[in-house]
Amino acid sequence: MGTPATESVIRVVGLGKSYATAAGLFPALKGVNLDVRPGDYIAIMGPSGSGKSTFMNLLGCLDTPTMGEYYLAGENVAHLDRDALAILRNRTLGFVFQGFNLLPRMSLQDNVALPLVYAGADKERRRARAREMLAKVGLGQYAESLPSRISGGQQQRVAIARALVNAPQLILADEPTGNLDSHTSEEIMRLFGELNAEGITIVLVTHEPDIAAHARRQVKFLDGEIVSDHLTEHAPA
Ligand SMILES: Nc1ncnc2c1ncn2[C@@H]1O[C@H](COP(=O)(O)OP(=O)(O)OP(=O)(O)O)[C@@H](O)[C@H]1O
Ligand SMILES: [Mg+2]
């Protein structure tokens with residue numbers, strides 16, 4: 001046995017993903033190594049098509065790798081059956097998407113409570129916890145509203161509240177500010193900064209150097225490989 005994997009929130013070893021296409025197998029991710037420590041705040045950057053979303057989807061257990069190993073909270077996810085993986089994923093991480101992905105016919109409160117339904121919490125507990133998380137992101141007064149009644153930045157806050165509802169140690173976000181103007185993006189980044197200060201580990205993808213500057217560590221992808229991994233200069237305190 002080497003270093004215990006339990007020390008890392010995320011540890012990937014030689015992780016790769018090839019997609020089957022009409023032209024044959026396309027290697028979108030070519031065997032990357034990364035360790036994410038508790039409390040890390042990482043921005044993943046790199047040109048379009050460099051494999052960032054492919055990587056994030058593997059980290060979020062939304063897709064399976066074609067090579068390598070992924071340890072999430074010390075567990076080799078390949079060794080878990082469907083149910084065990086769903087439980088680990090639900091307890092450990094929250095995923096935030098560029099497009100918010102809220103259910104349009106459900107109140108904000110019910111959207112935020114959804115992961116608790118899968119976790120088996122009772123109705124009263126779901127309601128109380130969802131309201132608590134909406135208040136945390138500054139939207140407590142909109143609990144009964146539908147997503148269409150609030151702005152894009154507010155919708156992304158709701159999506160973050162939903163990601164937080166199971167008290168995960170890790171937030172994964174793929175271009176969370178990609179659909180937002182720069183002012184709203186800064187507000188969302190302030191929220192991520194607060195969550196990280198509370199000890200939540202954050203890995204987010206962005207194209208914007210200004211957004212990446214909020215993270216403490218920057219990882220760059222190119223052609224399915226990690227080409228640099230360094231601390232942010234003048235990192236925020
Ligand atoms: N389901 C798929 N089938 C085939 N090829 C795919 C699939 N998903 C992604 N790819 C290819 O894999 C490569 C990496 O895609 P990926 O979405 O991970 O890039 P990205 O870095 O997230 O890009 P962007 O910045 O545009 O979001 C691209 O060449 C893409 O066309
Ligand atoms: Mg992408």
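The exercises below, each with a worked solution, concern a predicted model.

**Exercise 1.** Find how many helices and strands the chain has, and explain why the chain counts as being as compact as a globular protein of its length.

*Solution.* Begin with the secondary structure, which comes to 7 helices and 10 strands. Next, take the radius of gyration, which is 18 Å and lies close to the 18 Å that the globule rule gives for 237 residues, so the chain is as compact as a globular protein of that length. For the overall extent, the C-alpha trace spans about 45 × 40 × 40 Å along its principal axes. Finally, turn to the packing: buried residues make up 41% of the 237 residues, and among contacts between residues at least 6 apart in sequence, 69% join residues at least 24 apart.

**Exercise 2.** Work out the strand order of the open sheet of 4 strands, and name its edge strands.

*Solution.* Reading across the sheet, the order is β2-β1-β4-β5, and the pairing is antiparallel. The edges are therefore to be sought among strands that pair on one side only, and these are β2 (24–36) and β5 (75–76), where a pair of strands requires at least two bridges. Looking closer at one pair, β1, which covers residues 10–21, is joined to β2 in the antiparallel sense over 10 bridges. As an example of a single position, S18 has P27 in β2 as its bridge partner.

**Exercise 3.** Determine the strand order of the open sheet of 6 strands, and follow its pairings from β3 and β9.

*Solution.* The order in this sheet is β6-β7-β8-β3-β9-β10, and the pairing is mixed. At the edges stand β6 (93–96) and β10 (225–231), each of which has a single partner strand, so one side of each is left without a neighbour in the sheet. Neighbouring strands of this sheet are turned by 15° against each other on average, direction ignored. Starting from β3, 4 bridges lead to the parallel strand β8 (residues 201–205), with Y41 opposite I202. A further 4 bridges join β3 to β9 (residues 217–222), again in parallel, and here M45 has K220 as its bridge partner. Between β9 and β10, by contrast, 6 bridges join strands that run antiparallel, and Q218 stands opposite H230 in β10.

**Exercise 4.** Explain why strand β3 is largely enclosed, and identify the helix that lies across β3, β7 and β8.

*Solution.* Count the burial first: 5 of the 5 residues of β3 (residues 41–45) are buried, so this strand is largely enclosed by the rest of the structure. Then separate the faces, since in a regular strand the side chains alternate between the two faces of the sheet. Y41, A43 and M45 lie on one side of β3 and I42 and I44 on the other, and all of them are buried, so that both faces are covered. The helix in question is α6 (residues 182–197), which lies across β3, β7 (170–174) and β8 and runs at about 150° to β8.

**Exercise 5.** List the residues around ligand 1, and find which element gives the most to this shell.

*Solution.* The residues around ligand 1 are Y19, T21, F26, A28, G46, S48, G49, S50, G51, K52, S53 and T54. The elements giving two or more residues to this shell are β1, β2 and α1 (52–59), and α1 gives the most, with 3 residues. Sorted by class, the shell has 3 nonpolar, 8 polar and 1 charged residues.

Definitions and conventions. Residues are numbered from 1 along each chain as its sequence is written. Chains are lettered from A and ligands numbered from 1 in the order in which they are written. This is a predicted model: local features need pLDDT of at least 70, side-chain atom pairs count only at pLDDT 80 or more; totals for chains, interfaces and linings use all residues. A residue is near a molecule or strand if its C-beta atom, placed from the backbone, lies within 6 Å of it. Ala, Val, Leu, Ile, Met, Phe, Trp, Tyr, Cys and Pro count as nonpolar, Asp, Glu, Lys and Arg as charged, and the others, Gly among them, as polar. A residue is buried if 20 or more other C-beta atoms lie within 10 Å of its own, exposed if 12 or fewer, and partly exposed in between; C-beta atoms are placed from the backbone. Axes are lines fitted to C-alpha atoms, for helices over the stretch in contact, and angles run from 0 to 180 degrees between N-to-C directions. Two residues are in contact if their C-beta atoms, placed from the backbone, lie within 7 Å. The radius of gyration is taken over C-alpha atoms; the globule rule is 2.2 Å times the number of residues to the power 0.38.
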